[in-house]
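Here is a walk through one structure, taking its open spaces, its helices and its cysteines in turn. Keep the 3D view open while you read.

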Amino acid sequence: MVKLGNDWDNILKDEWEKPYYKELRRFLKQEYATQTVYPAMEDIFNALKLSSYENTRVVIIGQDPYHGENQAHGLCFSVKRGVPLPPSLINIYKEIKADLSIDNFSCGELTSIAKQGVLMLNSVLTVRAGSPKSHAGKGWEIFTDRIIEELDKKETPIVFLLWGNDAKKKAAKITNPIHFKYEAAHPSPLSVRGFSGCRHFSLCNETLIATNQKPINWEVK
């Protein structure tokens, strides 16, 4: 049984016993025993640990974890402190700077943002080293769909930032009209032209303020 330490434990208490998750768990046990897998086991659910259901007011959905050494730690687009910034994160920081005049380039760990109620959730929560999307189709998508479906039930507005095709697929799970969905291309170098200028960070804060919620401080600390 996974322990998240907040209200997600009660919301997801039945999920761990479902057949798909038991099969996923068996797969992961074999993978972690025989392969190099990211993130570390204890970091897989960091996004849910840092942003409780009650506190979540912004959701950023990524694809799957970074597949390089010491990068992934359970928050989409974030890397551990001291690790060189990946290209996607550099492009996110460039957009924050252009949008809000905040210069974030010193550190790639986004924990300070997650703690403000920003759920930084990948569609797939694990990956084999050097092999992007290697854990796709193993059950994680069912699990993260459930997360989105539960958040869709909230009676306070949530801002969903959907970057890239994998994230946009989750949009169909967001049907409650009180929530807001902003879509853009993935911030990777291959598609950044469709991400640059999206202004999602100011749009997010404007939306939060308009719905009587506190804006996000996008400065990385």
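Three elements each put at least two residues into the lining of the largest pocket: helix H3 (46–50), helix H4 (87–100) and strand E3 (118–122). E3 gives the most, with three residues. This is a predicted model, by the way, so everything here is read from predicted coordinates. The largest pocket has a volume of about 520 Å³, and 34 residues line it, with Asp64, Pro65, Tyr66, Ser88 and His186 closest to its centre. As for chemistry, the lining of the largest pocket splits into 20 nonpolar, 13 polar and one charged residues.

The second largest pocket holds about 260 Å³ of space. Its lining counts 13 residues, and those nearest the centre are Tyr21, Arg25, Leu28, Ile44 and Phe45. Helix H2 (residues 19–34) provides the largest share of that lining, at six residues. There are 11 nonpolar and two charged residues around the second largest pocket, and no polar ones.

What about closed spaces? A search of the whole structure turns up one cavity of 30 Å³ or more, and its volume is about 70 Å³. The lining of this cavity is 11 nonpolar residues, with no polar and no charged ones. The names are Ile60, Phe77, Ile92, Tyr93, Ile96, Leu110, Ile113, Met120, Trp163, Phe201 and Trp218. H4 makes the largest contribution here, three residues.

Here are the three spaces side by side:

| Space | Volume | Lining by class |
|---|---|---|
| Largest pocket | about 520 Å³ | 20 nonpolar, 13 polar, one charged residues |
| Second largest pocket | about 260 Å³ | 11 nonpolar, no polar, two charged residues |
| Largest cavity | about 70 Å³ | 11 nonpolar, no polar, no charged residues |

H4 has come up for both the largest pocket and the largest cavity, so let's look at that helix itself. H4 has 14 residues and reaches 20 Å from its first C-alpha to its last, close to the 20 Å expected at 1.5 Å a residue. Its buried residues are Ser88, Leu89, Asn91, Ile92, Tyr93, Glu95, Ile96 and Asp99. Because an α-helix has 3.6 residues a turn, residues three or four places apart point the same way. The buried residues of H4 pack against strand E5 (159–163) and H8. Just past the end of H4, Ser101 takes a positive phi of about 60 degrees.

Ile92 is a good residue to zoom in on. It sits in helix H4. Why does Ile92 count as buried? Its relative accessible area is 6%, and the cut-off for buried is under 20%. Beyond its neighbours within four places in sequence, Ile92 is in contact with Phe77, Trp163, Pro187, Phe195 and Phe201. The C-alpha atoms of Ile92 and Phe105 are 9.9 Å apart, with the two positions 13 residues apart along the chain as the separation.

Over in helix H8 (residues 200–210) you'll find Thr207. Thr207 is buried too, because its relative accessible area is 7%. Setting aside neighbours within four places in sequence, Thr207 has contacts with Val159, Phe180 and Tyr182.

Now for helix H6 (residues 140–152). Its 13 residues should span 18 Å at 1.5 Å a residue, and its end C-alpha atoms are indeed 18 Å apart, so the two values agree. H6 is mostly covered, with 10 of its 13 residues buried. Those residues are Trp140, Phe143, Thr144, Asp145, Arg146, Ile147, Ile148, Glu150, Leu151 and Asp152. They pack against quite a list of partners: helix H1 (8–11), H2, H3, strand E2 (58–62), E3 and E5.

Last, the cysteines. How many disulfides does a search of the whole structure find? Zero. Take Cys76: the closest cysteine sulfur, in Cys204, is 13 Å from its own, so the two are too far apart for a bond. Cys204 is in no disulfide either, and the nearest cysteine sulfur to it, that of Cys198, is 11 Å away. Cys76 counts as buried because its relative accessibility is 1%, and Cys204 counts as buried because its value is 0%.

Terms used:
Residues are numbered from 1 along each chain as its sequence is written. This is a predicted model: local features need pLDDT of at least 70, side-chain atom pairs count only at pLDDT 80 or more; totals for chains, interfaces and linings use all residues. Side-chain values use heavy atoms; hydrogens and water are left out. A disulfide is a pair of cysteine sulfur atoms within 2.5 Å. Buried means under 20% relative accessible area, exposed over 50%, partly exposed in between (1.4 Å probe, protein chains only). On a 1 Å grid over the protein atoms alone, a cavity is a set of points where a 1.4 Å probe fits but cannot get out, and a pocket is an open set with protein on both sides within 12 Å along at least five of seven lines; lining residues have an atom within 4 Å of a point. Grid points are joined across faces, edges and corners, and a volume is the space filled by probe spheres set on the points. Helices (H or I, at least four residues) and strands (E, at least two) are DSSP runs, numbered from the N terminus. Ala, Val, Leu, Ile, Met, Phe, Trp, Tyr, Cys and Pro count as nonpolar, Asp, Glu, Lys and Arg as charged, and the others, Gly among them, as polar. Contact means heavy atoms within 4.5 Å. The expected span of a helix is 1.5 Å times one less than its number of residues.
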